[in-house]
Structures are given as structure tokens and as C-alpha cells.
Amino acid sequence: MSAVEGPRTVSVRAAAKINLHLGVGAARDDGFHPLDTVYQAISLYDDVTLTTAGVPSLSLQTADYIEVGDVPFGPGNIAYQALELVRARTGLPGTERIEVLKSIPVAGGMAGGSADAAAALLAFDRLHAAGLTDDDLLALAAELGSDVPFSLLGGTARGRGRGELVEPLDDRGSWWWVAVPSTTGLSTPEVYRHFDRLFPDALAEPAEPADLLSALASGEPLRLARTLHNDLQAPALDLRPELGALIDRGEGEGALRGLVSGSGPTCIFLCDSLDGAHAVVAGLQGAGHDVVLIANGPVAGAHLLARP
């Protein structure tokens, strides 16, 4: 008689993203804005663990700088939605226990939810031996959100369309970042609406990142700093002027360049080295910013974690 199979478990880690370049075109008839962006995955992570179980459940553990109540729970959680989608497309039944360990700031323009969705897709495929190809996973990811395909891919990549059409870039640099999350979120739709109000004559096609691509290839932090760009920064700062003061302070503490991450409100600072990043952290904490995080990039996209 064969032994009864016990629960199986798979854990996947996915990284935060930042936008080194975010060019935004005028809103199309469907309401979406065409984007030309350069993503980078940095070393702030969420871990998603799936375990086969008789009854589905979702549990959440967060870093001490994240409020648990800020994370959507149950069917509103994008990792949960990712599992519903992949079950429907594969036809595989499954009732899994989902455990999410969050360290990526919530609603901060760093794609923490997208990272969780990407991790859930990969974990489901490996847990159930679904045999999904990379292209299959990327197609499912694009249905869940514009940033989810990049969360699978990681590294440094160019995104077009709504950001979901991703192409890996050759980035041999090692870049050091300081991230300062905000305790108050900033609505992405509202930032885009404010972009439309501020720039009613925006070009149909967004700005291309030619200078930034050249800077990435150089591996020179100062050169990269000069080419960082975000079309959503102006509307974000107009809605939240204190973010502009934070960027000025970070640059005054030695950062090569400060930038709003995506639609905000997290601000990121490029530094010349790890020591430089520690100096910026010390300066910002001295100015009253309690949560200041150091990360480097680029790092890998969603990937399996070894089980002990």
C-alpha cells in the first residue's frame, strides 16, 4: 500500500520595481496611457508560499514599517486573483493555503502587489507541475496588471504598451538605491488624471529613454543619475508637495538624484556606493524620516526559494 501524500509546499520570492525612466503619452480612447519605461528590480522582496490544503486560506505577515490593514485581503488580494486566473486557464483544481511575507512598501509605486501576483503564478505552476512556459506565464501576468510581467522577468527591462510588453536590457551596472516609503498612499488613477490636467497637450507617444539606455551601458552612477526621468513626478509633487521637499533633502544629503517611484508616493535616491547610501540614510533619518531602506539592483525576477 502506498503512503498517503502529505501537503506540498512551494515558496517564491519576487522583487520590488522602480522606474528609471517613465515616459507617458496622452490618454487613448480606452483611457489607458501609452508608456515607454525602463524598470529595474531591486532587493526589497515579498515571499509567497503555497501549500496544498483542503480548505483555501490566505495569511499575511508584514515588515514592521507596513500596516497590515493597508494590504487588500481575501478576493481583493491580487495574489488570490492570480490563483483564480491560473486555475481557470489550466483547468487544474486546487485549494491552496497562501502565505505572504511582505517587505515591499504598499501602494508606493514599487509594484508590491504585482510582485505577489507574479510569485503566485510561478508557485502554482511549480506546485501542481502545470507545465506553463515562460510565454504562458507572461501572458497570464499581463492580464493581471501592467507591472506583473516585469515582476516575473526582473533584472532591468524596457516596458511598452501599458508597460506589460517587456524586453530585457543588458545592464552590467551595480546600482545602490535608498527608498523612502510614505505612510499615506497616493492613488495611481488620480496621478494619471492630474497628469492629463497638467499636460493637456501631451504627445500621443511617450518620450523614449535613449540617453538612459546609454547611461546604463556605461555603468557610471553619475551618468545614470543625469538621465533618470519620470513624467508622473510633476503631478505627484503637485498633489503631494512634501515629496518635493523630501527629494531636495535626500539630494542635499549626498544622493546623486532623487525621483518619485512610478506614481508615488515612495521616493528613491540613486547613490554612488553602499557607503554613500548609508550616508543618505543617516541624513534622512536625522531629518525625521524613520523608515529609510537601502537596496541594490538589478536583481532577479520571481524565483523559487529552496526549502529547508
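## Two domains and a few odd backbone spots

P265 sits in the loop that runs between β9 (257–260) and β10 (267–271). Bear in mind that everything here is read from a predicted model. The peptide bond leading from G264 into P265 is cis, with omega near 5°. There is another cis bond to look at, from G297 to P298, where omega is near 0°. P298 belongs to the loop between β11 (293–297) and β12 (303–305). Here are the two bonds side by side:

| Peptide bond | Geometry | Loop holding the proline |
|---|---|---|
| G264 to P265 | cis, omega near 5° | between β9 and β10 |
| G297 to P298 | cis, omega near 0° | between β11 and β12 |

Now for the overall layout. The protein splits into domain 1, covering 9–169, and domain 2, covering 175–297. Their C-alpha centres are 22 Å apart.

So how many residues of domain 1 are in contact with domain 2? The count is 30 on the domain 1 side, and they touch 39 residues of domain 2. Putting the two domains together buries about 2700 Å², with carbon and sulfur atoms giving 65% of that area. On the domain 1 side, a run of neighbours stands out: L20, H21 and L22 supply 21% of what domain 1 buries against domain 2, more than any other three residues.

What about the polar side of the interface? Zero salt bridges are found across it by the rule used. Polar contacts do turn up, though, with 12 residue pairs counted between domain 1 and domain 2, both partners at pLDDT 80 or more. The elements that give two or more residues to the face of domain 1 touching domain 2 are β1 (9–24), β2 (35–52) and β5 (156–161). By residue class, that face comes out as 17 nonpolar, 10 polar and three charged.

Turning to the annotation, an unreviewed UniProt entry places the feature "domain: GHMP kinase N-terminal" at residues 77–155. In the model, that span is 58% helix and 9% strand, and its end C-alpha atoms lie 25 Å apart.

Two loop residues round off the tour. A111 is not a glycine, yet its phi is positive, at about 60°. You'll find A111 in the loop between β4 (96–102) and α2 (112–127). G94, in turn, is in the loop between α1 (78–90) and β4.

Which residues does G94 contact once its neighbours within four places in sequence are left aside? They are R87 and H128. As for V55, it is 39 residues away from G94 along the chain, and the C-alpha atoms of the pair are separated by 9.5 Å.

Definitions and conventions. Residues are numbered from 1 along each chain as its sequence is written. This is a predicted model: local features need pLDDT of at least 70, side-chain atom pairs count only at pLDDT 80 or more; totals for chains, interfaces and linings use all residues. Side-chain values use heavy atoms; hydrogens and water are left out. Domain bounds come from an automatic or database domain assignment. Contact means heavy atoms within 4.5 Å. Buried area is the accessible area (1.4 Å probe) that two parts lose on being put together, summed over both. A salt bridge is a side-chain nitrogen of Lys or Arg within 4 Å of a carboxyl oxygen of Asp or Glu. A polar contact is a pair of N or O atoms within 3.5 Å; within protein, one must be able to donate a hydrogen and the other to accept it, and residues adjacent in sequence count only if both atoms are side-chain atoms. Helices (H or I, at least four residues) and strands (E, at least two) are DSSP runs, numbered from the N terminus. Ala, Val, Leu, Ile, Met, Phe, Trp, Tyr, Cys and Pro count as nonpolar, Asp, Glu, Lys and Arg as charged, and the others, Gly among them, as polar. UniProt positions are given in the numbering used here, feature names are shortened, and annotations may be inferred rather than shown by experiment.
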